[in-house]
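Here are my notes on this model, set out as numbered points. Please read them with the structure open.

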Amino acid sequence: MICTWRLHVLAYMLSNKYELLSNSSAATALRSLADEWKNLPPGWLRGDPCRDGWVGIKCTGSRITSITLPNMNLVGELSGDISILSELQQLDLSYNHDLTGPLPMSIGNLKKLTNL
């Protein structure tokens with residue numbers, strides 16, 4: 001009985017650790033984008049993108065599913081770190097005429113991306 005309880009506690013701790021790592025990976029990916037951009041949306045780079053409601057970011061639970069930043073006057077390039085966002089379904093950076101450069105090859109790794 002005690003061994004079963006310990007296994008449950010261990011499984012719970014590991015699942016929470018994975019969730020925290022996932023959250024930090026998502027925040028790291030968005031910060032990598034921000035490092036490449038100028039004219040960031042208000043509130044970016046403070047706290048957690050899902051928990052703190054960053055402008056243009058939608059999440060399901062703690063996973064980023066949408067980045068919608070049309071006409072925000074963003075300047076820069078799209079970082080290959082975007083591929084870390086494995087749950088991303090929508091990426092809308094339209095009408096940001098000063099976002100330049102090619103799409104990173106790693107964007108093809110986003111298997112759930114349906115709207116680009």
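Are Trp44 and Trp54 buried or exposed?

1. Both are buried: Trp44 and Trp54 alike. Bear in mind throughout that this is a predicted model.

2. The tryptophans deserve a joint look. The structure has two aromatic pairs. One is made by Trp37 and Trp44, with 6.0 Å from centre to centre and 35° between the planes; this pair is tilted. Trp37 and Trp44 are both buried.

3. The other pairing is Trp44 with Trp54. Their ring centres are 5.2 Å apart and their planes meet at 35°, so this pair is tilted. Trp44 and Trp54 both sit in the loop between β1 and β2, ten residues apart, and the pair links distant parts of the chain. Taken together, Trp37, Trp44 and Trp54 make one aromatic cluster.

4. Next, the sheet. Three strands build an open sheet, in the order β1-β4-β6, with mixed pairing. Which strands stand at the edges? They are β1 (37-38) and β6 (98-99). Each has a single partner strand, so one side of each is left without a neighbour in the sheet.

5. Trp37 also belongs in the strand discussion. β1 and β4 (residues 75-76) run antiparallel and are joined by two bridges. Within β4, Gly76 is the bridge partner of Trp37. Trp37 is thus worth viewing twice: as a bridge partner of Gly76, and as a member of the aromatic cluster with Trp44 and Trp54.

6. There is also a hairpin to inspect. β2 (residues 57-60) pairs with β3 in the antiparallel sense, over four bridges. Lys58 is found opposite Ser66 of β3. Two residues lie between the strands of this hairpin. Gly61, in the turn, has a positive phi of about 65°.

7. On to the nonpolar core. The largest one has 23 residues. Which of them touch the most other members? They are Leu30, Ile64, Ile67, Ile82, Leu85, Leu88 and Leu91. Two elements give two or more residues to this core: α1 (2-36) and β3 (63-68). α1 gives the most, with five residues. β3 therefore appears in two of these points: it contributes to the core, and it pairs with β2 in the hairpin.

8. Ile82 is a good place to start when viewing the core. Leaving aside residues up to four places away in sequence, Ile82 touches Leu33, Ile67, Leu88, Leu91, Pro104 and Leu110. Among these contacts, Ile67, Leu88 and Leu91 are also listed with Ile82 as core residues that touch the most other members.

9. Asn96 is a polar residue to check. Where is Asn96 placed? Its place is the loop between β5 (90-92) and β6. Its relative accessibility is 6%, so Asn96 counts as buried. The Asn96 side chain reaches the backbone nitrogen of Asn73 at 2.9 Å. Beyond four places in sequence, Asn96 touches Leu69, Pro70, Asn71, Met72, Asn73 and Leu74.

10. Finally, Met105. This residue lies in the segment after β6. Is Met105 buried or exposed? Its relative accessible area is 79%, so Met105 is exposed. The C-alpha atoms of Met105 and Ser83 are 9.1 Å apart, and the two residues are separated by 22 residues along the chain.

Technical notes:
Residues numbered from 1 in each chain as written. Predicted model: local features only at pLDDT ≥ 70, side-chain atom pairs only at ≥ 80, totals over all residues. Heavy atoms only, no water. Pairing = 2+ DSSP bridges. Core = buried A, V, L, I, M, F, W, Y, C linked by side-chain atoms within 4.5 Å. Buried < 20%, exposed > 50% of the residue type's maximum accessible area, 1.4 Å probe, protein only. Contact = heavy atoms within 4.5 Å. Polar contact = N/O pair within 3.5 Å; in protein donor to acceptor, adjacent residues only side chain to side chain. Phe/Tyr/Trp six-rings, centres within 6.5 Å; stacked < 30°, edge-to-face > 60°.
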